[in-house]
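The following exercises ask the reader to work through selected local features of a protein model, one step at a time. Each task is followed by its solution.

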Amino acid sequence: MGLLRSSPSYPWTNSMLLWQRTAFHFQPQKNWMNDPNGPTYYRGWYHLFYQYNPASAVWGNITWGHAVSLDLVHWFYLPIAMVPDHWYDANGVWTGSATILPDGRLAMLYTGSTAELVQVQNLAFPADQDDPLLLTWVKSESNPVLVPPPGIAPKDFRDPTTAWYVPSESAWRIAIGSKNDSQRHAGIALVYRTSDFLSYELLPGVLHSVAGTGMWECVDFYPVSTESATGLDTSAATGPGVKHVLKASMDDDRNDYYAIGTYEAATNAWVPDDPEKDVGIGLRYDYGMFYASKTFYDPVKQRRVLWGWIGETDSERTDLRKGWASLQTIPRTVLFDQQTGSNLLQWPVDDVETLRSGSQEFSNISIPAGSVVPLDCSTSGGAAGRGVLGPFGLLVLADDDLSEQTAVYFYFVRSTDGSISTHFCHDELRHACHPALLAADIVKRVYGSLVPVLDGETLSVDHSVIESFAQGGRTCITSRVYPTSATYGGGRLFLFNNATGVDVTAKSLKIWQMGSAFIRPFSEHDSVSLH
């Protein structure tokens with residue numbers, strides 16, 4: 001979250017601020033947004049709820065915003081779904097998850113911050129289960145259905161997962177994030193059992209715990225197939241060909257970590273395949289500006305879809321001036337990487353391709369060491385530093401003289417034993433380099449991570465504002481950037497190679513213009529024309 005800084009800020013023009021609104025990433029019409037909540041598919045519509053402040057462009061007064069889509073791309077704003085209007089959510093209707101029951105009904109569990117600032121879990125359900133738009137919600141008279149158990153601090157108990165069904169018990173289970181400071185500041189996931197979503201039993205032990213990782217929030221828990229390229233329902237049976245992903249958002253460092261492992265319902269335990277890549281100390285969904293993510297199972301296309309919150313990296317002062325803050329990532333499909341067997345693959349949902357137009361394709365472009373080639377259409381020291389084996393990649397949202405640019409690049413590191421590792425990075429250090437920005441209130445960073453490149457694979461990248469997917473989505477990085485001159489028609493694209501010892505060839509490069517998703521309020525006309 002940005003800060004109201006006293007240092008001078010850049011004199012943004014209204015035209016610049018208007019350009020910062022995206023064309024096909026979901027964001028509200030105005031005001032503050034953070035975590036995605038309760039994404040689901042219900043009676044023909046995809047639903048996205050989200051943390052929302054209806055009164056300001058900074059965090060506070062948290063309610064649930066609501067939008068629907070027929071294709072995960074073209075969204076319609078709907079009225080606010082839930083507001084903090086009871087003692088058990090007086091300080092905010094916080095993050096929650098949707099569960100579709102076998103008879104088609106929907107149950108929504110969410111965290112409420114009480115009048116005394118205690119985190120409790122509450123149940124809500126549609127006032128009319130036959131309404132595909134889910135316009136009106138009713139909070140259960142039994143709320144809160146869960147309060148912090150003994151040994152859990154009142155502010156360390158939040159964000160229930162989508163429930164999964166255990167046939168041997170004829171009951172559902174949910175996980176909730178917390179921490180245990182008596183066990184070396186361990187992050188933990190508690191598990192509860194319920195048959196009616198009103199009464200709950202805390203199961204012995206914890207689903208998993210990792211020392212030193214601190215408070216786990218926005219926990220997600222779901223199965224993935226190790227044998228097919230399709231998603232699995234959250235309640236899919238365990239067994240051969242199925243692994244489970246445990247993900248948590250780390251309140252201490254504000255990053256989303258995941259690990260792949262084996263789940264045993266009988267013992268209420270999940271064990272990571274690789275303890276050195278455990279939750280909070282190993283793999284991340286995204287190595288950039290990405291947090292509080294949540295997945296859901298899409299029964300239409302049999303895929304698991306991931307949403308993530310992209311916060312702003314400017315100041316709250318600027319957000320208040322433009323009247324809005326934050327956006328959601330493009331929804332991504334999530335699959336087990338059968339090639340490495342050790343990580344996930346993420347890729348923008350194929351629905352986004354309907355926005356493509358005006359494509360250009362390049363092949364076999366030679367990029368000699370030290371060169372920059374214009375196109376018409378550990379993280380090192382950033383893209384400007386030079387080494388024998390890189391960096392090389394793309395300069396996006398660049399102006400003509402390259403004074404403004406964001407680099408999306410690879411570089412190689414040779415170890416003392418002769419082995420080579422591949423890194424994938426974003427360099428934001430020059431994304432807003434107007435001279436007046438020397439005292440600006442914008443965060444600029446270099447993001448990066450190792451990315452496995454197997455024998456016979458080539459390097460590949462895909463981009464959006466700016467979401468990058470390396471090696472088919474094996475490593476992902478998201479950046480929020482604010483150019484001042486590389487806007488509207490002033491944005492250029494370049495290939496670059498800052499290596500000193502190797503030439504690079506871009507074997508294939510495809511570029512598309514992207515149209516607008518025309519996200520707008522839902523109207524009665526839409527109701528008639530779409531159905």
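**Exercise 1.** Identify the bridge partner of Tyr 50 in β3, and place the pairing within its sheet.

*Solution.* In this predicted model, Tyr 50 has Gly 65 as its bridge partner in β3. The next step is to consider the two strands concerned: β2 covers residues 45-53 and β3 covers residues 63-69, and seven bridges join them in an antiparallel arrangement. In general, strands of a sheet pair through backbone hydrogen bonds, in either a parallel or an antiparallel manner. The last step is to widen the view to the open sheet, whose six strands follow the order β21-β1-β2-β3-β4-β36 with mixed pairing. Strands β21 and β36 (520-521) each have a single partner strand and stand at the edges, so one side of each lacks a neighbour in the sheet.

**Exercise 2.** Determine whether Thr 194 is buried or exposed, and describe the polar contacts of its side chain with backbone nitrogens.

*Solution.* Begin with location: Thr 194 belongs to strand β11, which spans residues 186-194. Next, consider accessibility. The relative accessible area of Thr 194 is 2%, and the cut-off for a buried residue is under 20%; Thr 194 is therefore buried. Then examine the side chain. A polar atom of the Thr 194 side chain lies 2.8 Å from the backbone nitrogen of Phe 197, and the backbone nitrogen of Asp 196 is 3.3 Å from a polar atom of that side chain. Finally, leaving aside residues up to four places away in sequence, Thr 194 touches Ala 171, Trp 172, Ser 199 and Tyr 200.

**Exercise 3.** State what the phi values of Leu 134 and Ser 326 are, and establish where each residue is found.

*Solution.* Take Leu 134 first. Its phi is near 50 degrees, a positive value in a residue other than glycine. Leu 134 is found in the loop between β7 (119-126) and β8, and its relative accessibility of 1% means that Leu 134 counts as buried. Turn then to Ser 326, for which phi is near 85 degrees, a positive value in a residue other than glycine. The loop that holds Ser 326 runs between β21 (324-325) and β22 (327-328). With a relative accessible area of 0%, Ser 326 is buried.

**Exercise 4.** Which residues does the cis peptide bond with omega of about -5 degrees join?

*Solution.* The cis bond joins Asn 143 and Pro 144. To locate this bond, note that Pro 144 is found in the loop between β8 (137-139) and β9 (164-166).

Definitions and conventions
Residues are numbered from 1 along each chain as its sequence is written. This is a predicted model: local features need pLDDT of at least 70, side-chain atom pairs count only at pLDDT 80 or more; totals for chains, interfaces and linings use all residues. Side-chain values use heavy atoms; hydrogens and water are left out. Helices (H or I, at least four residues) and strands (E, at least two) are DSSP runs, numbered from the N terminus. Buried means under 20% relative accessible area, exposed over 50%, partly exposed in between (1.4 Å probe, protein chains only). A polar contact is a pair of N or O atoms within 3.5 Å; within protein, one must be able to donate a hydrogen and the other to accept it, and residues adjacent in sequence count only if both atoms are side-chain atoms. Contact means heavy atoms within 4.5 Å. Two strands pair if DSSP finds at least two bridges between them.
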